[in-house]
Amino acid sequence: MLRIAVLVSGGGTNLQALIDAERRGELAGGKIVRVIASRPGAYALERAEGAGIPGTVVCRKDCASPEEFDRALLAALEECGAELVVLAGYLSILSETVVTRYANRILNIHPALIPSFCGKGFYGLKVHEAALACGVKVTGATVHFVNEIPDGGAILLQKAVEVLNGDTPETLQRRVMEQAEWELLPRAVALFCQGRITIEGRRALIREADEHQRRT
């Protein structure tokens with residue numbers, strides 16, 4: 001059983017998608033063992049509690065220095081034995097220290113088609129506001145591995161979502177979540193748990209399922 005820690009900051013809709021996928025047996029032997037929030041009061045912690053998953057808070061503001069924050073976060077991950085770290089609406093940028101410790105074992109979901117509308121400062125509604133301001137006709141979501149560059153790691157999965165006339169940032173955000181994020185993130189986690197991902201430089205390659213997996 002591969003142990004998964006999910007890092008969150010807000011409502012936890014992507015966390016809920018993972019919880020639901022695990023309940024349906026779709027995480028390929030993965031188990032969510034800890035939810036770590038970047039702030040107290042995040043509703044995602046209530047979702048975790050409702051699913052019987054231990055939750056904890058590691059808040060940057062409570063730490064005297066970036067190094068202390070890194071130590072606290074790494075301690076929380078090590079305490080639960082995390083083998084895969086999933087950023088599900090996590091709004092705190094991870095340091096190179098953390099990324100190096102979990103190299104090629106941190107997945108993030110971003111609400112746009114990277115390399116569009118990504119990087120430092122692009123999160124939440126800001127992404128969708130930027131997409132609408134640019135007048136793009138298609139947006140979507142991306143699951144990628146995390147490296148030291150915000151939204152700069154190897155892309156694993158992407159799905160396009162149409163931008164409709166009359167969209168607001170809120171309606172577009174909801175449609176991207178429903179049509180892309182909630183589908184891609186559980187699939188990406190399942191692929192990782194199956195050992196079907198190979199990283200080659202800046203590319204993430206997905207291997208075909210073996211004969212047993214094809215039959216099941």
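**Exercise 1.** In this predicted model, find the loop in which N104 lies, and then determine what is unusual about its phi and whether N104 counts as buried, partly exposed or exposed.

*Solution.* Begin with the position: N104 belongs to the loop that runs between α4 (96-101) and β5. Next, consider the backbone, where N104 shows a positive phi of about 60° although the residue is not a glycine. Finally, take the relative accessibility of N104, which is 42%; since buried means under 20% and exposed means over 50%, N104 counts as partly exposed.

**Exercise 2.** Examine the loop between β5 (106-110) and α5 (125-134), in which P115 lies, and describe the peptide bond that joins I114 and P115 as well as the phi and the burial of F117.

*Solution.* The bond between I114 and P115 is a cis peptide bond, with omega at about 20°. F117 also lies in the loop between β5 and α5, and its phi is positive, near 50°, in a residue other than glycine. As for accessibility, F117 has a relative value of 15% and therefore counts as buried, because the cut-off for that term is under 20%.

**Exercise 3.** Search the whole structure for aromatic pairs, and work out which parts of the chain are linked.

*Solution.* The search finds one aromatic pair. This pair is formed by F145 and F192, whose ring centres are 6.5 Å apart and whose planes meet at 45°, a tilted arrangement. The pair links distant parts of the chain, since F145 sits in strand β6 (residues 138-145) and F192 in helix α6 (residues 169-193), 47 residues apart. Turning to accessibility, F145 is buried at 3%, and F192 is buried at 17%.

Terms used
Residues are numbered from 1 along each chain as its sequence is written. This is a predicted model: local features need pLDDT of at least 70, side-chain atom pairs count only at pLDDT 80 or more; totals for chains, interfaces and linings use all residues. Side-chain values use heavy atoms; hydrogens and water are left out. Rings of Phe, Tyr and Trp (its six-membered ring) pair if their centres lie within 6.5 Å; planes under 30 degrees apart count as stacked, over 60 as edge-to-face and the rest as tilted. Helices (H or I, at least four residues) and strands (E, at least two) are DSSP runs, numbered from the N terminus. Buried means under 20% relative accessible area, exposed over 50%, partly exposed in between (1.4 Å probe, protein chains only).
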